[in-house]
Amino acid sequence: MLSAYLEWPSQIRHAVSKWDLVKVTGEYRDIAVFGMGGSGIVGDYLQVLSSQVGRCPVTVVKSHLVPSFIDKYTLSIVVSYSGNTLETLLAFKSILEKRVPVVAVSSGGLLKELSQRYGVLHVDVPSGLVPRASLPSMLFSVLGVLSHSNCSLITKKEAENCAEFLEENLPEIERKAREISDWLFEKAIAEKRLIVLATHSPLEALAVRFKNELNENSKVITKVDVAPEWMHNDIVGYEEPNISNYAVLEIVDPDDSVGAKLVEFMEGVYKEHDAIFRSVELKGGNALEKLLYGSLVAGLTSVHLAEKRGIDPMVTRSIAMYKNKVREIFPVTPWLNFKAT
Ligand code: PA5
(Lines give C-alpha, C1' and ligand atoms only; values in the text may rest on other atoms or scores of the structure.)
Protein backbone atom coordinates (compact mmCIF):
# COMPACT_ATOMS: atom_id res chain seq x y z
CA MET A 1 0.00 0.00 0.00
CA LEU A 2 2.84 2.36 0.92
CA SER A 3 4.55 1.78 -2.42
CA ALA A 4 1.30 2.55 -4.28
CA TYR A 5 1.35 6.04 -2.75
CA LEU A 6 5.09 6.50 -3.24
CA GLU A 7 4.58 5.75 -6.92
CA TRP A 8 2.18 8.65 -7.47
CA PRO A 9 4.66 10.56 -9.68
CA SER A 10 4.84 7.47 -11.95
CA GLN A 11 1.04 7.24 -11.97
CA ILE A 12 0.88 10.83 -13.20
CA ARG A 13 3.55 10.19 -15.85
CA HIS A 14 1.70 7.09 -17.06
CA ALA A 15 -1.54 9.09 -17.43
CA VAL A 16 0.38 11.87 -19.19
CA SER A 17 1.84 9.34 -21.65
CA LYS A 18 -1.74 8.74 -22.83
CA TRP A 19 -2.69 12.44 -22.72
CA ASP A 20 -3.68 12.81 -26.39
CA LEU A 21 -5.00 9.29 -26.98
CA VAL A 22 -8.49 9.59 -25.49
CA LYS A 23 -10.02 13.02 -25.75
CA VAL A 24 -13.26 14.89 -26.10
CA THR A 25 -13.38 17.90 -28.36
CA GLY A 26 -16.10 20.46 -28.70
CA GLU A 27 -17.93 22.91 -26.57
CA TYR A 28 -19.75 22.11 -23.34
CA ARG A 29 -21.71 24.36 -21.02
CA ASP A 30 -20.76 22.43 -17.89
CA ILE A 31 -19.38 19.18 -16.52
CA ALA A 32 -20.97 16.65 -14.17
CA VAL A 33 -18.68 14.13 -12.50
CA PHE A 34 -20.17 10.93 -11.08
CA GLY A 35 -18.46 8.53 -8.69
CA MET A 36 -18.35 7.34 -5.09
CA GLY A 37 -15.59 7.30 -2.44
CA GLY A 38 -12.07 7.11 -3.81
CA SER A 39 -13.39 7.63 -7.34
CA GLY A 40 -15.77 10.41 -6.30
CA ILE A 41 -12.87 12.54 -5.11
CA VAL A 42 -11.93 13.06 -8.78
CA GLY A 43 -15.10 15.17 -9.13
CA ASP A 44 -14.28 17.16 -5.99
CA TYR A 45 -10.82 18.03 -7.27
CA LEU A 46 -12.07 18.92 -10.76
CA GLN A 47 -14.56 21.24 -9.10
CA VAL A 48 -11.80 22.96 -7.10
CA LEU A 49 -9.64 23.35 -10.21
CA SER A 50 -12.54 24.57 -12.29
CA SER A 51 -13.46 27.20 -9.69
CA GLN A 52 -9.91 28.48 -9.72
CA VAL A 53 -8.69 28.16 -13.30
CA GLY A 54 -11.57 26.79 -15.39
CA ARG A 55 -14.36 28.06 -17.55
CA CYS A 56 -16.94 25.27 -17.10
CA PRO A 57 -18.81 24.82 -13.82
CA VAL A 58 -18.44 21.34 -12.35
CA THR A 59 -21.24 19.50 -10.54
CA VAL A 60 -20.13 16.63 -8.32
CA VAL A 61 -22.60 13.75 -8.07
CA LYS A 62 -21.98 11.14 -5.38
CA SER A 63 -25.29 9.41 -5.85
CA HIS A 64 -27.26 7.10 -8.10
CA LEU A 65 -29.49 10.09 -8.96
CA VAL A 66 -28.78 12.20 -12.02
CA PRO A 67 -29.49 15.95 -11.77
CA SER A 68 -32.40 17.08 -13.96
CA PHE A 69 -30.41 19.87 -15.63
CA ILE A 70 -28.01 17.49 -17.34
CA ASP A 71 -28.59 17.73 -21.07
CA LYS A 72 -26.66 17.60 -24.36
CA TYR A 73 -24.62 20.66 -23.31
CA THR A 74 -23.25 18.89 -20.22
CA LEU A 75 -20.28 16.56 -20.41
CA SER A 76 -20.91 13.74 -17.93
CA ILE A 77 -17.83 11.94 -16.63
CA VAL A 78 -18.51 8.66 -14.84
CA VAL A 79 -15.65 7.38 -12.67
CA SER A 80 -15.48 4.03 -10.88
CA TYR A 81 -12.09 2.46 -10.24
CA SER A 82 -13.51 -1.06 -10.04
CA GLY A 83 -16.18 -0.32 -12.63
CA ASN A 84 -18.68 -2.18 -10.47
CA THR A 85 -20.06 0.36 -7.98
CA LEU A 86 -23.82 0.12 -8.13
CA GLU A 87 -24.70 3.77 -7.46
CA THR A 88 -22.31 4.86 -10.23
CA LEU A 89 -23.67 2.24 -12.64
CA LEU A 90 -27.24 3.30 -11.94
CA ALA A 91 -26.30 6.91 -12.71
CA PHE A 92 -24.50 5.73 -15.87
CA LYS A 93 -27.66 3.92 -16.97
CA SER A 94 -29.76 7.08 -16.50
CA ILE A 95 -27.18 9.13 -18.42
CA LEU A 96 -27.30 6.64 -21.31
CA GLU A 97 -31.09 6.85 -21.30
CA LYS A 98 -30.86 10.64 -21.59
CA ARG A 99 -28.59 10.18 -24.66
CA VAL A 100 -26.22 12.96 -23.56
CA PRO A 101 -22.41 13.19 -23.93
CA VAL A 102 -20.61 10.87 -21.51
CA VAL A 103 -17.11 9.56 -20.82
CA ALA A 104 -16.40 6.61 -18.52
CA VAL A 105 -13.25 5.93 -16.49
CA SER A 106 -12.46 2.59 -14.83
CA SER A 107 -9.86 -0.13 -14.52
CA GLY A 108 -12.36 -2.62 -15.95
CA GLY A 109 -15.57 -4.04 -14.53
CA LEU A 110 -19.08 -3.60 -15.79
CA LEU A 111 -18.57 0.10 -16.54
CA LYS A 112 -15.98 -0.81 -19.16
CA GLU A 113 -18.10 -3.66 -20.53
CA LEU A 114 -21.19 -1.46 -20.82
CA SER A 115 -19.17 1.40 -22.35
CA GLN A 116 -17.96 -0.94 -25.06
CA ARG A 117 -21.47 -2.31 -25.60
CA TYR A 118 -23.05 1.14 -25.90
CA GLY A 119 -20.21 2.90 -27.75
CA VAL A 120 -19.22 5.18 -24.87
CA LEU A 121 -15.72 6.70 -24.79
CA HIS A 122 -13.94 4.74 -22.04
CA VAL A 123 -10.61 5.51 -20.39
CA ASP A 124 -8.71 2.57 -18.93
CA VAL A 125 -6.70 3.16 -15.78
CA PRO A 126 -4.16 0.60 -14.50
CA SER A 127 -5.79 -2.06 -12.31
CA GLY A 128 -4.52 -3.87 -9.20
CA LEU A 129 -4.65 -1.07 -6.61
CA VAL A 130 -7.34 0.08 -4.19
CA PRO A 131 -9.34 3.00 -5.64
CA ARG A 132 -8.08 5.63 -3.19
CA ALA A 133 -4.43 4.87 -3.98
CA SER A 134 -5.16 5.35 -7.69
CA LEU A 135 -6.23 8.99 -7.45
CA PRO A 136 -3.52 10.36 -9.80
CA SER A 137 -4.32 7.75 -12.48
CA MET A 138 -8.00 8.66 -12.46
CA LEU A 139 -7.59 12.42 -12.02
CA PHE A 140 -4.89 12.95 -14.65
CA SER A 141 -6.69 10.66 -17.13
CA VAL A 142 -9.73 12.92 -16.87
CA LEU A 143 -7.59 16.08 -17.08
CA GLY A 144 -6.06 14.66 -20.27
CA VAL A 145 -9.48 13.83 -21.74
CA LEU A 146 -10.66 17.39 -21.08
CA SER A 147 -7.53 19.09 -22.35
CA HIS A 148 -8.76 19.38 -25.96
CA SER A 149 -12.18 20.78 -25.06
CA ASN A 150 -13.33 24.23 -23.96
CA CYS A 151 -13.43 22.82 -20.40
CA SER A 152 -9.68 22.16 -20.31
CA LEU A 153 -8.19 22.69 -16.85
CA ILE A 154 -4.47 22.09 -17.18
CA THR A 155 -1.91 21.63 -19.94
CA LYS A 156 0.21 18.53 -20.49
CA LYS A 157 3.24 20.54 -19.36
CA GLU A 158 1.52 21.43 -16.07
CA ALA A 159 0.74 17.75 -15.53
CA GLU A 160 4.39 16.83 -16.15
CA ASN A 161 5.49 19.60 -13.79
CA CYS A 162 3.18 18.24 -11.11
CA ALA A 163 4.81 14.78 -11.35
CA GLU A 164 8.24 16.39 -11.03
CA PHE A 165 7.10 18.54 -8.11
CA LEU A 166 5.75 15.53 -6.19
CA GLU A 167 8.89 13.52 -6.87
CA GLU A 168 11.15 16.32 -5.63
CA ASN A 169 9.09 16.74 -2.48
CA LEU A 170 8.63 13.04 -1.73
CA PRO A 171 11.23 12.89 1.11
CA GLU A 172 9.65 15.91 2.81
CA ILE A 173 6.11 14.58 2.34
CA GLU A 174 7.15 11.19 3.74
CA ARG A 175 8.78 12.88 6.77
CA LYS A 176 5.68 14.99 7.44
CA ALA A 177 3.41 11.96 7.11
CA ARG A 178 5.49 10.01 9.66
CA GLU A 179 5.42 12.92 12.12
CA ILE A 180 1.67 13.43 11.79
CA SER A 181 0.93 9.72 12.11
CA ASP A 182 3.13 9.57 15.28
CA TRP A 183 1.18 12.51 16.70
CA LEU A 184 -2.20 11.01 15.78
CA PHE A 185 -1.23 7.66 17.26
CA GLU A 186 0.43 8.90 20.44
CA LYS A 187 -1.93 11.80 21.17
CA ALA A 188 -5.24 11.53 19.35
CA ILE A 189 -5.76 7.79 19.52
CA ALA A 190 -4.01 7.03 22.81
CA GLU A 191 -5.92 9.85 24.54
CA LYS A 192 -9.20 8.99 22.78
CA ARG A 193 -9.57 12.45 21.25
CA LEU A 194 -11.89 13.26 18.37
CA ILE A 195 -9.73 13.89 15.31
CA VAL A 196 -10.72 17.16 13.66
CA LEU A 197 -9.42 18.30 10.28
CA ALA A 198 -9.70 22.07 10.37
CA THR A 199 -9.24 23.99 7.15
CA HIS A 200 -10.34 27.02 5.16
CA SER A 201 -12.08 27.50 1.87
CA PRO A 202 -11.14 26.45 -0.89
CA LEU A 203 -9.50 23.41 0.75
CA GLU A 204 -12.67 21.59 1.80
CA ALA A 205 -12.22 18.86 -0.84
CA LEU A 206 -8.69 18.19 0.41
CA ALA A 207 -9.85 17.98 4.04
CA VAL A 208 -12.61 15.56 3.02
CA ARG A 209 -10.05 13.48 1.16
CA PHE A 210 -7.81 13.48 4.28
CA LYS A 211 -10.81 12.34 6.34
CA ASN A 212 -11.64 9.58 3.85
CA GLU A 213 -8.04 8.34 3.92
CA LEU A 214 -8.05 8.22 7.73
CA ASN A 215 -11.45 6.46 7.65
CA GLU A 216 -10.55 3.85 5.06
CA ASN A 217 -6.85 3.20 5.63
CA SER A 218 -6.50 3.85 9.38
CA LYS A 219 -10.09 3.00 10.39
CA VAL A 220 -10.70 6.08 12.55
CA ILE A 221 -13.60 8.48 12.93
CA THR A 222 -12.81 12.05 11.88
CA LYS A 223 -14.65 15.37 11.61
CA VAL A 224 -14.03 18.05 8.95
CA ASP A 225 -14.31 21.76 9.89
CA VAL A 226 -14.20 24.32 7.09
CA ALA A 227 -13.90 28.07 7.71
CA PRO A 228 -15.56 30.47 7.20
CA GLU A 229 -18.74 28.30 7.09
CA TRP A 230 -17.72 26.75 10.45
CA MET A 231 -18.16 30.19 12.04
CA HIS A 232 -21.83 30.14 11.04
CA ASN A 233 -22.93 26.83 12.62
CA ASP A 234 -20.36 24.39 14.14
CA ILE A 235 -18.96 27.11 16.36
CA VAL A 236 -22.18 27.28 18.36
CA GLY A 237 -21.84 23.61 19.34
CA TYR A 238 -18.73 24.54 21.33
CA GLU A 239 -20.84 26.71 23.65
CA GLU A 240 -22.12 23.49 25.31
CA PRO A 241 -20.12 20.67 23.67
CA ASN A 242 -21.13 17.00 24.00
CA ILE A 243 -17.57 15.84 23.23
CA SER A 244 -14.77 17.10 25.43
CA ASN A 245 -11.37 16.47 23.84
CA TYR A 246 -10.06 17.08 20.35
CA ALA A 247 -6.95 16.58 18.25
CA VAL A 248 -7.08 19.34 15.66
CA LEU A 249 -5.04 18.88 12.51
CA GLU A 250 -4.98 22.22 10.70
CA ILE A 251 -4.63 22.13 6.91
CA VAL A 252 -3.50 25.55 5.76
CA ASP A 253 -2.36 27.14 2.52
CA PRO A 254 0.45 29.50 3.63
CA ASP A 255 -0.12 31.62 0.50
CA ASP A 256 -3.65 32.40 1.66
CA SER A 257 -3.37 34.92 4.51
CA VAL A 258 -7.16 35.14 5.01
CA GLY A 259 -7.42 31.35 5.18
CA ALA A 260 -4.60 31.21 7.74
CA LYS A 261 -6.34 33.83 9.92
CA LEU A 262 -9.64 31.98 9.74
CA VAL A 263 -8.00 28.77 10.96
CA GLU A 264 -6.25 30.75 13.70
CA PHE A 265 -9.66 32.01 14.82
CA MET A 266 -10.98 28.44 14.88
CA GLU A 267 -7.96 27.40 16.96
CA GLY A 268 -8.88 30.13 19.46
CA VAL A 269 -12.28 28.51 19.99
CA TYR A 270 -10.84 25.00 20.33
CA LYS A 271 -8.26 26.34 22.80
CA GLU A 272 -11.06 27.05 25.25
CA HIS A 273 -11.56 23.28 25.38
CA ASP A 274 -9.25 20.32 25.83
CA ALA A 275 -7.64 20.44 22.39
CA ILE A 276 -4.20 19.74 20.95
CA PHE A 277 -3.02 21.12 17.60
CA ARG A 278 -0.76 20.31 14.72
CA SER A 279 -0.60 21.93 11.32
CA VAL A 280 -0.03 20.73 7.75
CA GLU A 281 1.20 23.57 5.56
CA LEU A 282 0.59 22.93 1.89
CA LYS A 283 3.25 23.45 -0.71
CA GLY A 284 3.05 23.87 -4.48
CA GLY A 285 3.18 26.38 -7.28
CA ASN A 286 -0.50 26.10 -8.15
CA ALA A 287 -3.82 24.64 -6.93
CA LEU A 288 -3.21 21.23 -8.53
CA GLU A 289 0.21 20.81 -6.93
CA LYS A 290 -1.14 21.84 -3.54
CA LEU A 291 -4.01 19.34 -3.80
CA LEU A 292 -1.65 16.53 -4.75
CA TYR A 293 0.88 17.48 -2.07
CA GLY A 294 -1.82 17.46 0.61
CA SER A 295 -3.38 14.26 -0.72
CA LEU A 296 -0.07 12.45 -0.60
CA VAL A 297 0.60 13.64 2.96
CA ALA A 298 -2.90 12.33 3.80
CA GLY A 299 -2.43 8.97 2.07
CA LEU A 300 0.96 8.24 3.64
CA THR A 301 -0.15 9.48 7.07
CA SER A 302 -3.15 7.15 6.97
CA VAL A 303 -1.08 4.13 5.95
CA HIS A 304 1.54 4.78 8.66
CA LEU A 305 -1.23 5.21 11.23
CA ALA A 306 -2.77 1.92 10.13
CA GLU A 307 0.61 0.21 10.57
CA LYS A 308 0.98 1.64 14.07
CA ARG A 309 -2.49 0.39 14.94
CA GLY A 310 -1.71 -3.07 13.51
CA ILE A 311 -4.44 -2.64 10.89
CA ASP A 312 -4.40 -3.64 7.22
CA PRO A 313 -5.00 -0.39 5.28
CA MET A 314 -6.05 -2.24 2.13
CA VAL A 315 -9.03 -4.03 3.58
CA THR A 316 -12.28 -2.08 3.93
CA ARG A 317 -14.53 -4.77 5.39
CA SER A 318 -17.55 -2.57 5.99
CA ILE A 319 -17.57 -1.13 2.46
CA ALA A 320 -17.50 -4.70 1.16
CA MET A 321 -20.36 -5.61 3.51
CA TYR A 322 -22.39 -2.65 2.16
CA LYS A 323 -21.58 -3.55 -1.44
CA ASN A 324 -22.85 -7.07 -0.86
CA LYS A 325 -26.14 -5.74 0.51
CA VAL A 326 -26.54 -2.82 -1.89
CA ARG A 327 -28.60 -4.75 -4.41
CA GLU A 328 -31.22 -5.31 -1.74
CA ILE A 329 -31.49 -1.53 -1.31
CA PHE A 330 -31.51 -0.29 -4.90
CA PRO A 331 -33.77 -1.75 -7.57
CA VAL A 332 -31.44 -3.59 -9.95
CA THR A 333 -32.53 -4.54 -13.43
CA PRO A 334 -30.97 -7.52 -15.23
CA TRP A 335 -29.02 -4.90 -17.20
CA LEU A 336 -26.99 -4.34 -14.06
CA ASN A 337 -26.67 -7.92 -12.98
CA PHE A 338 -23.13 -8.35 -11.81
CA LYS A 339 -21.03 -9.43 -8.88
CA ALA A 340 -19.76 -6.67 -6.59
CA THR A 341 -15.98 -6.38 -6.30
O1 PA5 B 1 -11.40 3.86 -1.79
C2 PA5 B 1 -12.25 2.96 -1.79
O3 PA5 B 1 -11.95 1.77 -1.78
C4 PA5 B 1 -13.74 3.30 -1.83
O5 PA5 B 1 -13.97 4.59 -1.37
C6 PA5 B 1 -14.24 3.12 -3.28
O7 PA5 B 1 -13.63 4.07 -4.10
C8 PA5 B 1 -15.77 3.23 -3.36
O9 PA5 B 1 -16.37 2.20 -2.64
C10 PA5 B 1 -16.26 3.18 -4.80
O11 PA5 B 1 -15.67 2.12 -5.50
P12 PA5 B 1 -15.06 2.38 -6.94
O13 PA5 B 1 -14.03 3.43 -6.76
O14 PA5 B 1 -14.49 1.08 -7.38
O15 PA5 B 1 -16.20 2.83 -7.79
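Here a trainee and a mentor talk through a predicted model with a bound ligand.

Trainee: What should I keep in mind about this model and its values?

Mentor: The model is predicted, so local features need pLDDT of at least 70 and side-chain atom pairs count only at pLDDT 80 or more, while totals for chains, interfaces and linings use all residues. Residues are numbered from 1 along each chain as its sequence is written, and side-chain values use heavy atoms, with hydrogens and water left out.

Trainee: Which residues come nearest to the ligand?

Mentor: Ser39, Ser80, Ser82, Thr85 and Glu216 do, out of 13 residues around it. A residue is near a molecule if one of its heavy atoms lies within 4 Å of it.

Trainee: What makes the approach of Ser39 to the ligand a polar contact?

Mentor: A polar contact is a pair of N or O atoms within 3.5 Å; within protein, one must be able to donate a hydrogen and the other to accept it, and residues adjacent in sequence count only if both atoms are side-chain atoms. A polar side-chain atom of Ser39 lies 2.5 Å from a ligand oxygen, so the pair meets the cut-off. For Arg132, a polar side-chain atom is 2.8 Å from an oxygen of the ligand, and for Gly38 a backbone N or O atom is 2.9 Å from one.

Trainee: How much of the ligand does the protein bury?

Mentor: The protein buries 93% of the 380 Å² that the ligand exposes when taken alone. These areas come from the Shrake-Rupley method with a 1.4 Å probe, and for residues only the protein chains shown count as cover.

Trainee: Which element gives the largest share of the shell around the ligand?

Mentor: That is α3, with three residues. Elements are DSSP runs numbered from the N terminus: helices are H or I with at least four residues, and strands are E with at least two.

Trainee: Why is the pair of Arg13 and Glu167 called a salt bridge?

Mentor: The term asks for a side-chain nitrogen of Lys or Arg within 4 Å of a carboxyl oxygen of Asp or Glu. The closest N and O atoms of Arg13 and Glu167 are 3.1 Å apart, so the pair qualifies. Arg13 lies in helix α2 (residues 8-17) and Glu167 in helix α7 (residues 156-189), so the pair ties together parts 154 residues apart in sequence. A search of the whole structure finds 22 salt bridges.

Trainee: Where is Pro202 placed?

Mentor: Pro202 is in the loop between β6 (194-200) and α8 (204-218), and the peptide bond from Ser201 to Pro202 is cis, with omega near 10 degrees.
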